[in-house]
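Student: I have a structure in front of me and would like to learn how to read its features one by one. Could you guide me through them?

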Amino acid sequence: MHIKNRILVAVAILIATATVANLFFEALKEKENLKRKIAVYETLLHSFFEKRQKEYTTFFSQRAAFFEKIPEIVLSIENKEREKLIDTMQEIYKKSSFKSSNATDIFYSSDLMFSVNTKEPDKYVDLQKHLLVKKSLKEKKIYSGFEKSEKGIFFETVSPIIFENRFIGVVETTIPASSFAKDFESIFKSNKLAVVSPNGSSRENNKQEIPNFTSFMLKLFGLDFIEFNNERYFYRHYIPLTDISGNTLAYVKVYQDVSTGVKDFYSAIVRTFAISISVIFLIILFLKFYLEKIFEKLNKYHERLEKAQKIAHLASWEYDLETKEFTVSSSLFEILEIEKRRMLSIKECNRFIVPDNREYVKKSIIKAFREKSEWDIEYKITTEKGNLKFIHSKGFIKTDKNGKPLKLFATIQDVTEIREKERELKLYKKVIDNSIEGVIITDSHNNIIYVNSVFTELTGYTEEEVIGKKPNILSSGRHGKDFYKKMWKSLYEKGFWQGEIWNRRKNGEVYPEWLNISTVKDENGKILYFAATFADITHHKLSKERYLQLAHYDILTGLPNRLLLLDRLQASISHAKRNSKPFAVMFIDMDRFKHINDTLGHSVGDILIKQMGERLKSCFRETDTVSRVGGDEFIVLIENLNNKNNVLNLAKKVIKAVNKPFRIKGYELFVTVSIGIAIYPKDGTTTDELLNHADMAMYKAKELGKNRFMFFEREMNRFAAQRLSIEHDLRRAVLNGDLFLEYQPKIELETGKIVGAEALVRWEHPTKGLIPPSDFIPIAEESGMIADIGSLVLQHGIEQMNRWKSECKQDMILAINVSGVQLLNPKEFIESLGFYIEKYPSLKNKIELELTESILMKNIDEMIEMMYRCKNLGYHLAIDDFGTGYSSLNYLKRFPIDTLKIDQSFIKTLEIDEKNRAIVKTVISIAKTLGFKVIAEGVEKKDHAQFLKKEKCDIAQGYFFSRPLSPEKFIELLKAQPFVKKFSKVL
């Protein structure tokens, strides 16, 4: 810098310094004026307080003098006549103003054997806490002061009672200490008064924050004791309330309005502050030219550095040990998830470290400081948004030539993603280690490289004994070469084999096991590993006699099953015909059992069914038959029915018993049931009639709100007739082609591009209008029409896709749902798929078939074979409603699918259900690991889409983007691609 400019800078700094000094002295002057006012006010307060104590003491001693002139009072005390004293005082209170005052009179005899509180006669007087009384009795003098009791702080005056030169006792007159606060209020006109404890705390809670700049200046000049409320400033005065021993029991808190003094102080600051700002502004303008050039160079350097650090999730910080200056790179704000950048201190950064790790970080840096070495540590932080992250930090101490430490420098790297991947791998290993099946993994040369603990339990071989060896050490010798040739052929051609096999344990025992073997390949299809799971199935080899024994009883509950129920029901009908004795059939169905089963799992559901059976059985006689006929349905046969009221009372008993909570695996479940009742012979004379009518009555109970019972009525047949009518109309609609398709767009979350659609069937009834799929699809499934509907959907969907392909060049995939009924005839289904691909070859790899988990888990081997045939024809495959079925990871890796579709039940509550978020994250992670695409359905909110995009979900569909559309509106939307342009704004 030129010498002239240096002089100008020095002059500007001197002017600024002089201005600031003037500001400081002006503020000091106003501060002293304010403090003088406060001191004068406090002197006045103390003077008034002392004066008021003397006035109270004089008044109460005159009150005592009045009492000692009344013989009835004196004699009552002297003779210890309690009731007489109380009556005398009550008469005095009525005739004088003593009763209306807030003072309380307590009389004590000279020997302390007698004491009476004349206003509260029943109250016990604890003499150990009344020091003034003891002192007055001892010295026969008047004493006054404050004392503390369980009801608060009181001012007391104890006066001796002397009658005809005889010392009779003393009278203690007390008032609450709050009376002093009221006296201050009346004299000093303060509206902020309170009696507070010795530590100064108060019951008041109306203190407000002082405006920022004023607060700063008050603290700077030592006036931070000023308080702010309702645009006024106050100073708190504390008047101590002490007992006879000089101990402070409480304070009277008085607020002095010092608003005028504070405003004068503030005005003095503002005047000179404005001048200071002007001068400093001129200095800034002067230096701006030189600083801009310096910052220009620094910014280029920082931009390059920040780009590199952002890519590496890396940040840095530096701490000057002499100036205490703490600087950080901008990428640190991204790691800490701080949206608005601000000055950070080393203390604030330390608060982001989780409490358990702070001491470890501190000790590591101190050790490096002492040894003048580097540190290399890893710890966890909680970001400003509350997210947990893993941090890897390296740092060193910068010293001068003499070894004196000058600065601390460190880099921090966000390694959360790396640790999450490691955690997932550990989780997968833990799942395998804790599997209920034995697990064995070999390399491509069939050498064992891993076994789990269950393998050791089942075979007797430890991990050390089998690692490096081949699985044939388990061979039982019962299978020939052809058996193993077929096994290896399946492994190399299909990638898996499963079946029953006999193996030998270490102790020589031969046992049967169910074995699943799969190949693990790299990207090029080269086999890397063979993974096998197996289970001992000895217990499944039960004798025929055992199966016959179980044929008539439900395995889970031990109750009679449908077969035994029908047998007993027929016997009851025969018996009732001979003896004209009515009986009842009670159909019991659990409400919302499927929700519990899907949410908490089948293990919880099975236990619930079992406990439900036990409760139902306890409600009936041993002669009645309580049976489980399937799922969550129970039927009870009630013999020898006397009248309808017997059944009514039993139904009430069942509902009451079921309404008590079920406690299962730490869950407290509340379950209800719907009950339908049919009575023989009024409601039917055959097994079918009785069961159907009880079933109708049960469904009527469900319609009316569940958790109730209904007797069968003939009108209920109308409901069955309506279902029959819908079924009839649906058959006609299928034949006449009245069903049509709508298409819901699928959006690629990364770009906002429409990349596909799902074909959804709709029915426009000629008289009833649009009928929801939830009303006719169940009927179609029950009646078997779903196969025809599925075929129509497949045909119309593929034909529509072919028309779109000729109209629009946009690349997309059409998803079509496949019913389980369609797969009952896999040959016909595969032939129809082959026909469409042959007819429309351009649609190869453009049609995706959606299969539910429950479909795939039936006849797994046949399903896998069928899926491979679909893939070979050029169809994509997706698992629909994933997460609601029963598929395992073992089967999932075997299915030749392209896509996992997360069920909407997990998506709808993402913003409030942490468990659903965890499930969605896990499904996405598993799908990515296995190479599947992930689609989320039921995306209805912006929060859903943001969360899914963040978690790398590929595709989403739902009302947030679009409702199902007609073919014409969908192709318009596909051509327009409206989400691409505004997608960054939407998400």
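Tutor: We will go from the overall make-up to the sheets, then to the cores and the aromatic rings.

Student: What should I know before I begin, and how many helices and strands does the protein have?

Tutor: Keep in mind that this is a predicted model. The secondary structure of the protein comes to 32 helices and 35 strands, and of its 987 residues, 44% count as buried. If you take the contacts with a separation of 6 or more, residues 24 or more positions apart account for 59% of them.

Student: How do I read a sheet, and what is the strand order in the open sheet of 5 strands?

Tutor: The general idea is to follow the strands from one side to the other and to ask which partners each has. In this open sheet the order is β11-β10-β14-β13-β12, and the pairing is antiparallel. The edges are taken by β11 (326-328) and β12 (375-382), each of which has a single partner strand, so one side of each is left without a neighbour in the sheet. From one strand to the next, the twist averages 25°.

Student: Which helix packs on that sheet?

Tutor: Helix α10, residues 355-371, packs on the sheet and touches β12, β13 (388-399) and β14 (405-414), while its direction makes about 155° with that of β12. Back at the edge, strand β10 (residues 314-320) is joined to β11 by 3 bridges in an antiparallel arrangement, with Y319 standing opposite F326 in β11.

Student: How do I read a hairpin, and how many residues lie between β17 and β18?

Tutor: Look at the two strands, then at the turn that links them. Here β17 (residues 496-504) and β18 (residues 510-521) pair in the antiparallel sense over 9 bridges, and W497 has I517 in β18 as its bridge partner. Their hairpin has 5 residues between the strands, and G508 in the turn has a positive phi of about 95°. Strand β18 is also joined to β19 (residues 527-536) by 9 bridges, running antiparallel, and there W514 stands opposite A535 in β19. This second hairpin likewise has 5 residues between its strands, and G525 in the turn has a positive phi of about 85°.

Student: Which strand pairs with β19 over 6 bridges?

Tutor: That is β15, which pairs with β19 in the antiparallel sense; in this pairing the bridge partner of V439 is T533 in β19. Strand β15 is also joined to β16 (residues 448-451) by 3 antiparallel bridges, where I440 stands opposite V451. In the hairpin of β15 and β16, 4 residues lie between the strands, and N446 takes a positive phi near 70°.

Student: Why is β15 described as largely enclosed?

Tutor: A strand has two faces, and you can ask whether each is covered. In β15 (residues 438-443), 6 of the 6 residues are buried, so the strand is largely enclosed by the rest of the structure. G438, I440 and T442 point one way, V439, I441 and D443 point the other way, and all are buried.

Student: How do I read a nonpolar core, and which residues have the most contacts inside the largest one?

Tutor: Start from the residues with many contacts and see what surrounds them. The largest nonpolar core has 84 residues, and L849 and L948 have the most contacts inside it; helix α23 gives the most to this core, with 7 residues. Leaving aside its neighbours within four places in sequence, L849 is in contact with residues including L794, I816, F829, L833 and Y875. Apart from this core lies another, of 36 residues, among them I596, F634, V658 and F709.

Student: How many aromatic pairs are there in the whole structure?

Tutor: A search finds 27 aromatic pairs. In one of them, W804 and F970 are tilted, at 4.8 Å centre to centre and with 35° between the planes. W804 lies in helix α23 (residues 786-807) and F970 in helix α31 (residues 967-976), so the pair ties together parts that are 166 residues apart in sequence. Both W804 and F970 are buried.

Student: Where do charged side chains sit over rings, as with R52 and R963?

Tutor: R52 lies over the face of Y56, at 4.7 Å from the ring centre, and Y56 belongs to an aromatic cluster with F49, F59, F60, F146 and F155. The charged end of R963 sits over the ring of Y959, 4.1 Å from its centre.

Key: Residues are numbered from 1 along each chain as its sequence is written. This is a predicted model: local features need pLDDT of at least 70, side-chain atom pairs count only at pLDDT 80 or more; totals for chains, interfaces and linings use all residues. Side-chain values use heavy atoms; hydrogens and water are left out. Two strands pair if DSSP finds at least two bridges between them. Axes are lines fitted to C-alpha atoms, for helices over the stretch in contact, and angles run from 0 to 180 degrees between N-to-C directions. Contact means heavy atoms within 4.5 Å. Rings of Phe, Tyr and Trp (its six-membered ring) pair if their centres lie within 6.5 Å; planes under 30 degrees apart count as stacked, over 60 as edge-to-face and the rest as tilted. Buried means under 20% relative accessible area, exposed over 50%, partly exposed in between (1.4 Å probe, protein chains only). A charge sits over a ring if NZ of Lys or CZ of Arg is within 6 Å of the ring centre and within 35 degrees of the ring normal. A nonpolar core is a set of buried Ala, Val, Leu, Ile, Met, Phe, Trp, Tyr and Cys residues joined through side-chain atoms within 4.5 Å.
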